[in-house]
Amino acid sequence: MCVFDAEPVHAAAFNVVVGGDDGSGFHNNETTIPLPLGDDVRVSAWIDLTVTATRHDQSNSKPIEGEISYWITTHSSSEQQLASGTIYNITMDQRVKDFHLGKIHIPAAKLWWPHTHGGQPLYVAKVKFRSSNHHESCASTTFGIRTVSSETGAASKSFTLKING
């Protein structure tokens with residue numbers, strides 16, 4: 001069971017960056033199929049997940065050791081795990097520390113669209129820090145997956161913002 005406010009370390013801030021995979025790993029911001037995409041198309045997406053943990057107990061300067069587990073689910077069903085993992089041998093030796101949990105693959109992600117153009121499927125990233133003395137702290141964040149690009153017209157000075165295309 002996770003408690004959000006009674007533990008000495010609390011994982012609270014997330015940095016979720018979504019990119020595509022062209023076969024060689026996470027390094028670009030494009031999906032693996034040509035754009036624009038329809039509302040029902042699923043894409044291969046990579047999530048670069050970093051968690052910022054804050055140590056609240058400053059009375060003890062001894063490092064806190066433990067592990068961080070994460071899992072990604074759809075917002076509509078916490079039973080449907082899309083990705084999960086555990087990072088062992090974590091040491092919390094500062095008041096605030098970032099832990100890069102890796103590049104997590106979501107193989108069949110549905111894209112988020114503006115409300116007039118399609119659905120807004122959401123995903124949930126959950127993280128649990130468990131100390132070596134078995135105290136737990138949990139955090140979660142909700143996010144959507146989409147691409148955004150812009151173009152400007154040199155002659156007309158126009159500006160176009162593209163979502164998923």
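## Salt bridges

In this predicted model, the side chains of Lys-97 and Asp-93 meet in a salt bridge, with a nitrogen-to-oxygen distance of 3.4 Å. Lys-97 counts as partly exposed, because its relative accessibility is 21% and the partly exposed class lies between 20% and 50%. Asp-93, its partner, is also placed in the partly exposed class, with a relative accessible area of 44%.

A search of the whole structure finds four salt bridges, and another of them joins the side chains of Glu-151 and Lys-162, at 2.9 Å from N to O. This pair links distant parts of the chain, since Glu-151 belongs to strand S9 (residues 148-152) and Lys-162 to strand S10, eleven residues apart. Glu-151 is partly exposed, with a relative accessible area of 43%, and Lys-162 counts as partly exposed at 27% relative accessibility.

## A network of charged residues

Salt bridges that share partners join Lys-128, Arg-130 and Glu-136 into one network. Within this network, the side chains of Glu-136 and Arg-130 meet at 4.0 Å, N to O. Glu-136 counts as buried, because its relative accessibility of 11% is under the 20% cut-off, whereas Arg-130, at 31% relative accessibility, counts as partly exposed.

## The largest nonpolar core

In soluble globular proteins, nonpolar side chains tend to be buried together. The largest nonpolar core of this model has 26 residues, and the members that touch the most others are Ile-68, Ile-72, Phe-99, Leu-101, Ala-109, Phe-143 and Ile-145. The elements that give two or more residues to this core are strand S3 (42-55), strand S4 (64-74), strand S5 (81-92), strand S6 (96-110) and strand S7 (123-131). The largest share, six residues, comes from S3.

Ile-68 can serve as an example of the contacts around a core residue. When residues up to four places away in sequence are not counted, Ile-68 touches Gly-85, Thr-86, Ile-87, Ile-90, Phe-99, Leu-101, Val-127, Lys-128 and Phe-129. Two of these contacts, Phe-99 and Leu-101, are named with Ile-68 among the core members that touch the most others, while Lys-128 is also part of the salt-bridge network described above.

## A nonpolar patch on the surface

Nonpolar side chains are also found on the surface, where Val-148, Phe-159 and Leu-161 form a patch with about 320 Å² of accessible area together. Phe-159 is found in strand S10, which covers residues 159-163. This phenylalanine counts as exposed, because its relative accessible area of 57% is over the 50% cut-off.

## Two residues with positive phi

Most residues other than glycine have a negative phi. Asn-89, however, has a positive phi of about 60° although it is not a glycine. Asn-89 is found in strand S5, and the residue is exposed, with a relative accessible area of 73%.

His-134 has a positive phi as well, of about 75°, and is likewise not a glycine. His-134 lies in the loop between S7 and strand S8 (136-143), and this histidine is exposed, with a relative accessible area of 54%.

Terms used. Residues are numbered from 1 along each chain as its sequence is written. This is a predicted model: local features need pLDDT of at least 70, side-chain atom pairs count only at pLDDT 80 or more; totals for chains, interfaces and linings use all residues. Side-chain values use heavy atoms; hydrogens and water are left out. Patches are made of residues with over 30% relative accessible area and no salt bridge: like charges are joined within 9 Å, nonpolar side chains (Val, Leu, Ile, Met, Phe, Trp, Tyr) within 5 Å. Accessible areas come from the Shrake-Rupley method with a 1.4 Å probe; for residues, only the protein chains shown count as cover. Helices (H or I, at least four residues) and strands (E, at least two) are DSSP runs, numbered from the N terminus. Buried means under 20% relative accessible area, exposed over 50%, partly exposed in between (1.4 Å probe, protein chains only). A nonpolar core is a set of buried Ala, Val, Leu, Ile, Met, Phe, Trp, Tyr and Cys residues joined through side-chain atoms within 4.5 Å. Contact means heavy atoms within 4.5 Å.
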